[in-house]
Amino acid sequence: MKIYALKGHERPLTCVKFNSDGDILFSCAKDGMVTAWYSENGERWGTYDGHGGAVNSLDVSFDSSLLVSGSSDNTARLWDVNSGENLFVWRHRVPIGSVRFSLGEQHMLMVTQPFMRDPGAIHIYQINRDDPTQQSQESQIVLRDFGSSSTRINEARWGPLNNQIFAACDDGVVRVIDVETGTSIGEIHEHEKEVRDLQFSKDQGCFITASSDMSARLFDTRTLQLMKTYTTAAPVNAAAISPLKMHVITGGGQEASMVTTTAGKAGRFEIRFFHTIFENELGNIPGHFGPVNALDFTRDGSMFASGGEEGYVRLHQFDDKYLKATDGM
(Lines give C-alpha, C1' and ligand atoms only; values in the text may rest on other atoms or scores of the structure.)
Protein backbone atom coordinates (compact mmCIF):
# COMPACT_ATOMS: atom_id res chain seq x y z
CA MET A 1 0.00 0.00 0.00
CA LYS A 2 1.19 3.47 -0.90
CA ILE A 3 0.19 6.24 1.51
CA TYR A 4 0.36 10.00 0.97
CA ALA A 5 0.04 12.45 3.87
CA LEU A 6 -1.60 15.60 2.52
CA LYS A 7 -1.20 18.84 4.46
CA GLY A 8 -3.63 21.50 3.31
CA HIS A 9 -5.67 22.24 6.41
CA GLU A 10 -4.82 23.90 9.70
CA ARG A 11 -7.69 22.49 11.75
CA PRO A 12 -9.56 19.17 12.11
CA LEU A 13 -10.92 17.50 8.98
CA THR A 14 -14.69 17.10 8.78
CA CYS A 15 -15.23 15.37 5.41
CA VAL A 16 -13.33 13.66 2.57
CA LYS A 17 -15.00 12.74 -0.72
CA PHE A 18 -13.81 11.26 -4.03
CA ASN A 19 -15.47 12.20 -7.29
CA SER A 20 -17.12 9.40 -9.28
CA ASP A 21 -14.02 8.76 -11.42
CA GLY A 22 -11.78 8.61 -8.36
CA ASP A 23 -9.16 10.95 -9.83
CA ILE A 24 -9.97 13.93 -7.59
CA LEU A 25 -10.31 13.95 -3.81
CA PHE A 26 -12.09 16.78 -2.02
CA SER A 27 -11.63 17.65 1.65
CA CYS A 28 -12.99 20.24 4.06
CA ALA A 29 -12.16 21.19 7.61
CA LYS A 30 -12.90 23.47 10.52
CA ASP A 31 -10.42 26.02 9.12
CA GLY A 32 -13.06 27.06 6.56
CA MET A 33 -11.13 25.62 3.61
CA VAL A 34 -12.38 23.33 0.84
CA THR A 35 -9.49 21.68 -0.99
CA ALA A 36 -9.13 19.46 -4.08
CA TRP A 37 -6.31 16.94 -4.57
CA TYR A 38 -5.11 14.70 -7.39
CA SER A 39 -5.60 11.17 -6.11
CA GLU A 40 -2.84 9.77 -8.32
CA ASN A 41 -0.02 11.57 -6.53
CA GLY A 42 -1.59 13.60 -3.70
CA GLU A 43 -0.78 16.97 -5.24
CA ARG A 44 -3.10 19.83 -4.41
CA TRP A 45 -5.24 20.83 -7.38
CA GLY A 46 -6.82 23.93 -5.85
CA THR A 47 -9.00 25.46 -3.14
CA TYR A 48 -12.52 26.89 -2.96
CA ASP A 49 -12.40 30.09 -0.93
CA GLY A 50 -15.40 31.89 0.50
CA HIS A 51 -16.61 30.34 3.74
CA GLY A 52 -16.14 32.31 6.94
CA GLY A 53 -16.42 29.41 9.37
CA ALA A 54 -15.87 25.69 9.74
CA VAL A 55 -16.91 23.68 6.68
CA ASN A 56 -18.81 20.64 7.93
CA SER A 57 -19.66 18.72 4.78
CA LEU A 58 -19.32 18.62 1.00
CA ASP A 59 -20.53 16.64 -1.98
CA VAL A 60 -19.64 16.53 -5.66
CA SER A 61 -21.96 15.85 -8.60
CA PHE A 62 -21.58 12.61 -10.56
CA ASP A 63 -20.17 14.42 -13.60
CA SER A 64 -17.70 16.32 -11.36
CA SER A 65 -18.97 19.70 -12.55
CA LEU A 66 -20.57 20.98 -9.32
CA LEU A 67 -19.46 20.97 -5.70
CA VAL A 68 -21.61 21.90 -2.70
CA SER A 69 -20.33 22.70 0.79
CA GLY A 70 -22.09 23.43 4.09
CA SER A 71 -20.60 25.57 6.83
CA SER A 72 -20.99 26.85 10.38
CA ASP A 73 -21.03 30.37 8.89
CA ASN A 74 -24.74 29.65 8.22
CA THR A 75 -24.27 29.24 4.48
CA ALA A 76 -24.08 26.49 1.89
CA ARG A 77 -22.21 27.27 -1.31
CA LEU A 78 -22.36 25.86 -4.82
CA TRP A 79 -19.07 25.81 -6.72
CA ASP A 80 -17.88 25.23 -10.26
CA VAL A 81 -15.41 22.39 -9.75
CA ASN A 82 -13.05 23.31 -12.58
CA SER A 83 -12.89 27.09 -12.22
CA GLY A 84 -13.41 27.34 -8.46
CA GLU A 85 -16.10 29.99 -9.00
CA ASN A 86 -18.70 30.34 -6.26
CA LEU A 87 -21.93 30.01 -8.26
CA PHE A 88 -24.52 30.47 -5.52
CA VAL A 89 -24.90 30.93 -1.75
CA TRP A 90 -27.79 29.61 0.35
CA ARG A 91 -28.15 31.59 3.58
CA HIS A 92 -29.70 30.41 6.85
CA ARG A 93 -29.95 31.67 10.43
CA VAL A 94 -28.20 28.56 11.82
CA PRO A 95 -25.13 26.42 11.04
CA ILE A 96 -25.25 23.99 8.11
CA GLY A 97 -24.29 20.34 8.61
CA SER A 98 -24.58 17.68 5.91
CA VAL A 99 -25.14 18.59 2.26
CA ARG A 100 -25.85 15.83 -0.31
CA PHE A 101 -26.89 15.75 -3.95
CA SER A 102 -29.69 13.34 -4.81
CA LEU A 103 -29.32 10.59 -7.38
CA GLY A 104 -29.43 12.50 -10.66
CA GLU A 105 -28.56 15.78 -8.91
CA GLN A 106 -31.98 17.30 -9.47
CA HIS A 107 -32.24 17.97 -5.73
CA MET A 108 -30.00 18.55 -2.75
CA LEU A 109 -30.55 17.99 0.96
CA MET A 110 -29.17 20.42 3.49
CA VAL A 111 -29.13 19.81 7.25
CA THR A 112 -29.55 22.79 9.56
CA GLN A 113 -28.40 22.29 13.13
CA PRO A 114 -30.45 23.17 16.24
CA PHE A 115 -29.52 26.60 17.55
CA MET A 116 -31.32 28.51 20.28
CA ARG A 117 -35.02 28.32 19.33
CA ASP A 118 -34.44 26.83 15.88
CA PRO A 119 -34.80 23.02 15.82
CA GLY A 120 -32.68 20.83 13.57
CA ALA A 121 -34.18 20.17 10.12
CA ILE A 122 -33.47 18.79 6.67
CA HIS A 123 -34.17 21.18 3.80
CA ILE A 124 -34.62 19.87 0.26
CA TYR A 125 -33.81 22.19 -2.63
CA GLN A 126 -34.35 21.77 -6.34
CA ILE A 127 -31.09 22.25 -8.25
CA ASN A 128 -31.13 24.29 -11.47
CA ARG A 129 -28.58 22.46 -13.62
CA ASP A 130 -29.28 24.63 -16.70
CA ASP A 131 -28.05 27.78 -14.95
CA PRO A 132 -26.32 26.90 -11.65
CA THR A 133 -26.05 30.58 -10.70
CA GLN A 134 -29.86 30.81 -10.52
CA GLN A 135 -31.00 28.79 -7.51
CA SER A 136 -33.88 29.38 -5.12
CA GLN A 137 -33.27 30.49 -1.54
CA GLU A 138 -36.52 28.77 -0.55
CA SER A 139 -36.46 25.04 0.11
CA GLN A 140 -39.12 22.87 -1.52
CA ILE A 141 -39.55 20.62 1.52
CA VAL A 142 -38.54 20.94 5.17
CA LEU A 143 -38.34 17.77 7.27
CA ARG A 144 -38.49 18.19 11.05
CA ASP A 145 -39.60 14.80 12.46
CA PHE A 146 -36.46 14.01 14.48
CA GLY A 147 -37.60 13.47 18.07
CA SER A 148 -36.97 16.48 20.28
CA SER A 149 -36.25 19.99 19.00
CA SER A 150 -32.67 19.72 20.29
CA THR A 151 -31.81 16.58 18.29
CA ARG A 152 -28.71 17.12 16.17
CA ILE A 153 -28.40 15.35 12.81
CA ASN A 154 -24.75 14.33 12.39
CA GLU A 155 -25.18 12.84 8.91
CA ALA A 156 -27.99 12.56 6.36
CA ARG A 157 -28.02 10.67 3.07
CA TRP A 158 -30.49 9.94 0.31
CA GLY A 159 -31.83 6.40 0.25
CA PRO A 160 -32.44 4.34 -2.91
CA LEU A 161 -34.34 6.20 -5.65
CA ASN A 162 -34.42 9.36 -3.49
CA ASN A 163 -37.61 8.20 -1.75
CA GLN A 164 -36.22 8.32 1.78
CA ILE A 165 -33.56 10.14 3.74
CA PHE A 166 -31.52 8.29 6.35
CA ALA A 167 -30.45 10.50 9.26
CA ALA A 168 -27.83 9.63 11.90
CA CYS A 169 -28.64 11.55 15.08
CA ASP A 170 -26.85 12.51 18.28
CA ASP A 171 -29.45 10.72 20.45
CA GLY A 172 -28.20 7.37 19.13
CA VAL A 173 -31.12 6.86 16.73
CA VAL A 174 -31.04 6.39 12.96
CA ARG A 175 -34.23 7.80 11.49
CA VAL A 176 -35.65 7.06 8.05
CA ILE A 177 -37.81 9.88 6.70
CA ASP A 178 -40.23 9.58 3.80
CA VAL A 179 -39.47 12.51 1.50
CA GLU A 180 -42.99 12.85 0.11
CA THR A 181 -44.86 12.83 3.42
CA GLY A 182 -42.11 14.21 5.66
CA THR A 183 -42.84 11.59 8.32
CA SER A 184 -40.61 9.05 10.01
CA ILE A 185 -41.18 5.57 8.55
CA GLY A 186 -38.56 3.78 10.63
CA GLU A 187 -36.19 4.16 13.55
CA ILE A 188 -33.14 2.15 14.56
CA HIS A 189 -32.25 2.09 18.26
CA GLU A 190 -29.27 -0.29 18.18
CA HIS A 191 -26.63 2.24 19.28
CA GLU A 192 -26.22 3.29 22.91
CA LYS A 193 -24.64 6.68 22.15
CA GLU A 194 -24.66 9.21 19.32
CA VAL A 195 -24.37 8.03 15.72
CA ARG A 196 -21.65 10.05 14.04
CA ASP A 197 -21.58 8.69 10.50
CA LEU A 198 -23.71 6.73 8.04
CA GLN A 199 -22.58 5.41 4.65
CA PHE A 200 -24.23 3.13 2.10
CA SER A 201 -22.70 0.26 0.19
CA LYS A 202 -22.15 0.84 -3.52
CA ASP A 203 -25.50 -0.77 -4.45
CA GLN A 204 -27.26 0.80 -1.43
CA GLY A 205 -28.42 -2.64 -0.33
CA CYS A 206 -26.95 -2.06 3.12
CA PHE A 207 -25.46 0.75 5.15
CA ILE A 208 -23.00 1.12 7.99
CA THR A 209 -23.16 3.42 10.99
CA ALA A 210 -20.38 4.67 13.28
CA SER A 211 -21.03 5.53 16.91
CA SER A 212 -19.32 6.87 20.00
CA ASP A 213 -20.47 3.66 21.74
CA MET A 214 -17.28 2.13 20.26
CA SER A 215 -18.99 0.18 17.50
CA ALA A 216 -19.91 0.28 13.84
CA ARG A 217 -23.00 -1.61 12.71
CA LEU A 218 -24.21 -2.93 9.36
CA PHE A 219 -27.92 -2.76 8.50
CA ASP A 220 -30.16 -3.98 5.70
CA THR A 221 -31.49 -0.92 3.84
CA ARG A 222 -34.92 -2.39 3.08
CA THR A 223 -35.74 -4.06 6.42
CA LEU A 224 -33.53 -1.89 8.69
CA GLN A 225 -32.49 -5.10 10.44
CA LEU A 226 -29.10 -5.25 12.17
CA MET A 227 -26.81 -7.59 10.22
CA LYS A 228 -23.32 -7.23 11.71
CA THR A 229 -21.49 -5.42 14.52
CA TYR A 230 -17.83 -4.34 14.49
CA THR A 231 -16.52 -3.54 17.96
CA THR A 232 -13.51 -1.39 18.80
CA ALA A 233 -11.92 -0.07 22.00
CA ALA A 234 -12.52 3.62 21.23
CA PRO A 235 -15.31 5.84 19.87
CA VAL A 236 -15.92 5.36 16.13
CA ASN A 237 -16.30 8.59 14.16
CA ALA A 238 -16.46 7.20 10.62
CA ALA A 239 -17.02 3.90 8.83
CA ALA A 240 -17.11 2.85 5.17
CA ILE A 241 -17.88 -0.28 3.15
CA SER A 242 -15.40 -1.44 0.52
CA PRO A 243 -16.99 -1.70 -2.94
CA LEU A 244 -14.36 -4.27 -3.95
CA LYS A 245 -13.67 -6.63 -1.03
CA MET A 246 -15.62 -8.09 1.89
CA HIS A 247 -14.17 -5.42 4.12
CA VAL A 248 -15.38 -2.50 6.17
CA ILE A 249 -13.09 0.12 7.65
CA THR A 250 -13.57 2.22 10.76
CA GLY A 251 -11.82 5.28 12.12
CA GLY A 252 -12.03 7.19 15.37
CA GLY A 253 -10.04 7.20 18.57
CA GLN A 254 -9.96 8.78 21.95
CA GLU A 255 -12.01 11.96 22.31
CA ALA A 256 -10.37 15.05 20.82
CA SER A 257 -10.34 16.83 24.19
CA MET A 258 -7.99 14.16 25.53
CA VAL A 259 -5.66 13.95 22.54
CA THR A 260 -2.91 16.22 23.87
CA THR A 261 -2.26 13.86 26.76
CA THR A 262 -2.35 10.64 24.75
CA ALA A 263 0.21 8.88 22.58
CA GLY A 264 -0.98 7.81 19.13
CA LYS A 265 -0.98 4.11 19.96
CA ALA A 266 -2.81 4.61 23.25
CA GLY A 267 -5.33 6.90 21.57
CA ARG A 268 -6.30 4.14 19.11
CA PHE A 269 -6.19 6.41 16.08
CA GLU A 270 -5.59 3.55 13.63
CA ILE A 271 -7.89 2.79 10.70
CA ARG A 272 -9.22 -0.71 11.31
CA PHE A 273 -10.18 -3.34 8.75
CA PHE A 274 -12.94 -5.82 9.57
CA HIS A 275 -14.27 -8.77 7.60
CA THR A 276 -17.78 -7.81 6.54
CA ILE A 277 -19.32 -11.23 7.23
CA PHE A 278 -17.24 -12.69 10.06
CA GLU A 279 -16.90 -9.36 11.94
CA ASN A 280 -13.31 -10.07 13.02
CA GLU A 281 -10.61 -7.40 12.84
CA LEU A 282 -8.16 -8.22 10.04
CA GLY A 283 -5.61 -5.50 10.71
CA ASN A 284 -5.09 -1.80 11.16
CA ILE A 285 -3.21 1.09 9.56
CA PRO A 286 -1.55 3.65 11.85
CA GLY A 287 -0.53 7.12 10.74
CA HIS A 288 -2.91 9.71 12.13
CA PHE A 289 -1.89 11.23 15.46
CA GLY A 290 -5.41 12.36 16.33
CA PRO A 291 -8.89 10.88 15.97
CA VAL A 292 -9.97 9.92 12.46
CA ASN A 293 -13.05 11.98 11.58
CA ALA A 294 -13.81 11.01 7.97
CA LEU A 295 -13.40 8.09 5.55
CA ASP A 296 -14.27 7.51 1.89
CA PHE A 297 -13.56 4.83 -0.75
CA THR A 298 -13.26 5.38 -4.47
CA ARG A 299 -16.10 3.74 -6.42
CA ASP A 300 -13.77 0.99 -7.68
CA GLY A 301 -12.31 0.31 -4.22
CA SER A 302 -8.72 0.83 -5.36
CA MET A 303 -8.01 3.48 -2.72
CA PHE A 304 -9.51 5.27 0.25
CA ALA A 305 -8.94 8.53 2.07
CA SER A 306 -9.05 9.49 5.72
CA GLY A 307 -9.26 12.86 7.46
CA GLY A 308 -7.88 13.42 10.94
CA GLU A 309 -8.30 15.72 13.89
CA GLU A 310 -4.70 16.85 13.46
CA GLY A 311 -5.46 18.41 10.07
CA TYR A 312 -3.97 15.78 7.75
CA VAL A 313 -5.64 13.98 4.88
CA ARG A 314 -4.14 10.55 4.25
CA LEU A 315 -4.54 8.96 0.84
CA HIS A 316 -4.21 5.15 0.82
CA GLN A 317 -3.61 3.39 -2.51
CA PHE A 318 -3.90 -0.41 -2.46
CA ASP A 319 -1.19 -2.42 -4.20
CA ASP A 320 -1.74 -5.08 -6.88
CA LYS A 321 -1.43 -7.92 -4.39
CA TYR A 322 -4.48 -6.67 -2.53
CA LEU A 323 -6.47 -5.72 -5.62
CA LYS A 324 -5.89 -9.03 -7.44
CA ALA A 325 -6.42 -11.32 -4.46
CA THR A 326 -8.96 -14.03 -5.31
CA ASP A 327 -9.53 -15.44 -1.83
CA GLY A 328 -12.75 -13.44 -1.35
CA MET A 329 -11.05 -11.21 1.20
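The following legends describe close-up views of a predicted model.

**View 1. Strand β12 and its two neighbours.**
Strand β12 comprises residues 121-126, and 5 of its 6 residues are buried, leaving the strand mostly covered. Strand β11 (residues 107-112) pairs with β12 in the antiparallel sense, over 6 bridges. Within this pairing, M110 has H123 of β12 as its bridge partner. Strand β12 is also joined to strand β13 (residues 141-143) by 3 bridges, and these two strands run antiparallel. Here I124 stands opposite I141 of β13. In a regular strand, the side chains alternate between the two faces of the sheet.

**View 2. Strand β28 between β1 and β27.**
Strand β28 (residues 312-317) is mostly covered, with 5 of its 6 residues buried. Strand β1 (residues 2-7) runs antiparallel to β28 and is joined to it by 6 bridges; in this pairing K7 stands opposite Y312. Strand β27 (residues 303-308) pairs with β28 over 5 bridges, again in the antiparallel sense. In that pairing, S306 stands opposite R314. Strands β27 and β28 form a hairpin with 3 residues between them. In the turn, G311 has a positive phi of about 100°.

**View 3. An open sheet of four strands.**
The order of the strands in this open sheet is β18-β19-β20-β21, and the pairing is antiparallel. Its edge strands are β18 (195-200) and β21 (226-231), each of which pairs on one side only. From one strand to the next, the twist averages 20°. Strand β18 is joined to strand β19 (residues 206-211) by 5 bridges. The bridge partner of V195 in β19 is S211.

**View 4. Two cysteines without a disulfide.**
A disulfide is a covalent bond between the sulfur atoms of two cysteines. A search of the whole structure finds 0 disulfides. The cysteine sulfur closest to that of C15 belongs to C28; the two are 4.7 Å apart, which is too far for a bond, because a disulfide requires sulfur atoms within 2.5 Å. C28 is likewise in no disulfide, its nearest cysteine sulfur being that of C15. Both cysteines are covered by the protein: C15 is buried, with a relative accessible area of 7%, and C28 is buried at 0%.

**View 5. A salt bridge between two loops.**
This pair is formed by D118 and R93, whose closest N and O atoms are 2.5 Å apart. D118 lies in the loop between β11 and β12, whereas R93 lies in the loop between β9 (86-91) and β10 (96-101), so the salt bridge ties together parts that are 25 residues apart in sequence. D118 is partly exposed, at 22% relative accessibility, while R93 is exposed, at 64%. The structure holds 11 salt bridges.

**View 6. A salt bridge between two buried residues.**
R100 and E155 form a salt bridge in which the closest N and O atoms are 3.0 Å apart. The pair links distant parts of the chain, for R100 belongs to strand β10 and E155 to strand β14 (residues 153-158), 55 residues away in sequence. R100 is buried, with a relative accessible area of 5%, and E155 is buried at 7%.

**View 7. A salt bridge between partly exposed residues, and a network.**
The side chains of E194 and R196 meet in a salt bridge, at 3.7 Å from N to O. E194 is partly exposed, with a relative accessible area of 25%; R196 is partly exposed as well, at 21%. Elsewhere, D63, E105 and R129 are joined into one network by salt bridges that share partners.

**View 8. A nonpolar surface patch.**
M246, I277 and F278 make a nonpolar patch of about 300 Å² on the surface. M246 is placed in the loop between β22 (236-241) and β23 (247-252). This residue, M246, is partly exposed, with a relative accessible area of 33%.

**View 9. R268 and Q254.**
R268 lies in the loop between α1 (264-267) and β24 (271-275). At 38% relative accessibility, R268 is partly exposed. The C-alpha atoms of R268 and Q254 are separated by 6.6 Å, although the two residues are 14 residues apart along the chain.

Key. Residues numbered from 1 in each chain as written. Predicted model: local features only at pLDDT ≥ 70, side-chain atom pairs only at ≥ 80, totals over all residues. Heavy atoms only, no water. Buried < 20%, exposed > 50% of the residue type's maximum accessible area, 1.4 Å probe, protein only. Pairing = 2+ DSSP bridges. Patch = residues over 30% accessible without salt bridge, like charges linked within 9 Å, V, L, I, M, F, W, Y side chains within 5 Å. Areas by Shrake-Rupley, 256 points an atom, 1.4 Å probe, with all protein chains shown as cover. Salt bridge = Lys/Arg side-chain N within 4 Å of Asp/Glu carboxyl O. Axes fitted to C-alpha atoms, helices over the stretch in contact; angles between N-to-C directions.
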